[in-house]
Amino acid sequence: MLATLRPMVELAAGPLGQALDVLARPGELWVTEADGRVRCVACGHRCLLGPSRRGICQVRFNHDGQLMVPSGYVGALQCDPVEKKPFFHVLPGATALTFGMLGCDLHCAYCQNWITSQALRDPAAGAAPAEVRPEQLAQLAAQQGARIIASSYNEPLITAEWAHEVFRLARPLGLRTAFVSNGNATPEVLDYLRPLVDCYKVDLKSMRDRAYRQLGGMLRNILDTLTQLVALGFWVEVVTLVIPDFNDSPAELHDAARFLAQLSPDIPWHLTAFHADYKMRAASDTTAEMLAAACEIGRAAGLRYVYAGNLPGQTGRWEHTYCPHCDELLIERRGFLVLRNTLAGNGCPRCGTAIAGVWEGPGSGLAA
């Protein structure tokens with residue numbers, strides 16, 4: 001799909017950062033500090049940038065006392081099922097046009113999108129950016145029959161102004177909007193996004209601060225973001241990539257499940273299988289049995305919707321949605337494919353229990 005956009009051929013000869021800087025525009029998520037410095041508030045790092053300095057993300061920078069931010073390009077663009085994001089409680093079976101830029105505020109050794117997310121840090125990474133206008137993305141989503149438009153592939157918080165532009169034009173076309181994020185947010189960026197973002201997926205990578213610091217973040221920021229997302233009324237789904245000997249202990253999984261259940265028992269929790277990628281090659285792959293055991297922990301903690309991912313057809317009931325009251329099978333899946341959907345509006349056809357999510361039909365809509 002990127003082939004339909006104009007590659008930045010004229011900029012490709014220079015360093016990638018310089019190429020992206022040409023397209024940068026003044027941002028909105030920052031405040032002025034003393035001595036020509038600016039404070040970025042797009043992510044939890046809250047970088048304080050002196051003149052000509054860049055944030056941890058490498059794509060937001062201080063130019064003459066003004067914060068410049070990414071704009072006018074994509075590094076990845078694809079139409080695929082919304083289940084791939086993964087959102088299991090958002091318009092099942094719908095197509096999502098997903099766009100991404102370059103850069104990230106974390107540096108996870110196992111990142112599966114490292115070509116885009118680590119493009120400004122790793123010489124081996126770097127997708128070729130292609131220039132595009134925000135109205136082109138909104139119109140392309142409608143032309144492709146997508147019902148959702150999502151910002152993903154890199155960390156969308158550090159390119160929040162660009163997503164804001166795109167979503168502002170996509171909403172009048174009847175499109176739902178989504179962020180697929182690591183959750184290292186701030187109250188300021190969530191307030192900025194809330195009027196234009198329906199659905200927000202957060203990666204809860206660990207419940208141990210030491211593990212988060214290895215990835216370049218802090219656990220407290222992620223937990224605060226989840227709390228704020230629920231309070232602000234976003235539709236929230238959470239993903240934990242279960243990595244053997246990193247975050248897979250029963251105690252840690254229980255801590256995660258209990259925290260989410262206390263926020264809302266209706267938050268879908270996706271426990272997904274790890275496979276060796278990027279710089280984490282020594283860890284073992286996650287088995288179906290490990291995922292099933294993790295799912296049982298989630299259910300025992302009181303979460304109503306717990307899912308196993310990345311192992312299609314191998315995890316039994318944990319791919320499907322069941323009524324939390326009568327256990328009626330409501331949405332049957334295999335991987336990202338919806339095989340059957342018996343929801344009646346937003347309720348169970350057998351007992352009438354309301355199922356939380358973003359659905360179609362009578363009584364549907366954002367529910368928490």
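Is Leu-91 buried or exposed? To find out, select Leu-91 in this predicted model and look for the loop between S9 and S10, where the residue lies. Because its relative accessibility is 4%, Leu-91 counts as buried, and although Leu-91 is not a glycine, its phi is positive, at about 40°.

Stay in this part of the chain and select Pro-86, which has its place in the loop between strand S9 (76-81) and strand S10 (95-100). If you display the backbone here, you can follow the peptide bond from Lys-85 to Pro-86, which is cis, with omega near -5°.

Next, select Asp-64, which is found in the loop between strand S6 (61-63) and strand S7 (66-69). Asp-64 has a positive phi, near 55°, and is a residue other than glycine. Why does Asp-64 count as exposed? Asp-64 does so because its relative accessibility is 71%, and the cut-off for exposed is over 50%.

Now turn to the interior and select Phe-99, Tyr-200, Leu-204 and Trp-269 together, for these are the residues that touch the most other members of the largest nonpolar core, a set of 79 residues. A second, separate core has 16 residues, including Leu-106, Cys-111, Ile-243 and Phe-246. In soluble globular proteins, nonpolar side chains tend to be buried together.

Keep Tyr-200 selected and show its surroundings, leaving aside the neighbours within four places in sequence: among the residues in contact with Tyr-200 are Phe-87, Leu-157, Phe-179, Leu-229, Phe-234 and Trp-235. Ser-181 and Glu-237 are also among the contacts of Tyr-200.

The last stop is Thr-286, which you will find in the loop between strand S16 (269-273) and helix H9 (288-300). Thr-286 counts as buried because its relative accessibility is 6%, which is to be read against a cut-off of under 20%. Which backbone atoms should you look for around its side chain? One is the backbone oxygen of Val-242, which lies 2.4 Å from a polar atom of the side chain of Thr-286; another is the backbone nitrogen of Phe-274, which the side chain of Thr-286 reaches at 2.9 Å.

To complete the view, add the residues in contact with Thr-286, again leaving aside neighbours within four places in sequence: these are Val-242, Pro-244, Ala-273, Phe-274, Leu-291 and Leu-311.

Technical notes:
Residues are numbered from 1 along each chain as its sequence is written. This is a predicted model: local features need pLDDT of at least 70, side-chain atom pairs count only at pLDDT 80 or more; totals for chains, interfaces and linings use all residues. Side-chain values use heavy atoms; hydrogens and water are left out. Helices (H or I, at least four residues) and strands (E, at least two) are DSSP runs, numbered from the N terminus. Buried means under 20% relative accessible area, exposed over 50%, partly exposed in between (1.4 Å probe, protein chains only). A polar contact is a pair of N or O atoms within 3.5 Å; within protein, one must be able to donate a hydrogen and the other to accept it, and residues adjacent in sequence count only if both atoms are side-chain atoms. Contact means heavy atoms within 4.5 Å. A nonpolar core is a set of buried Ala, Val, Leu, Ile, Met, Phe, Trp, Tyr and Cys residues joined through side-chain atoms within 4.5 Å.
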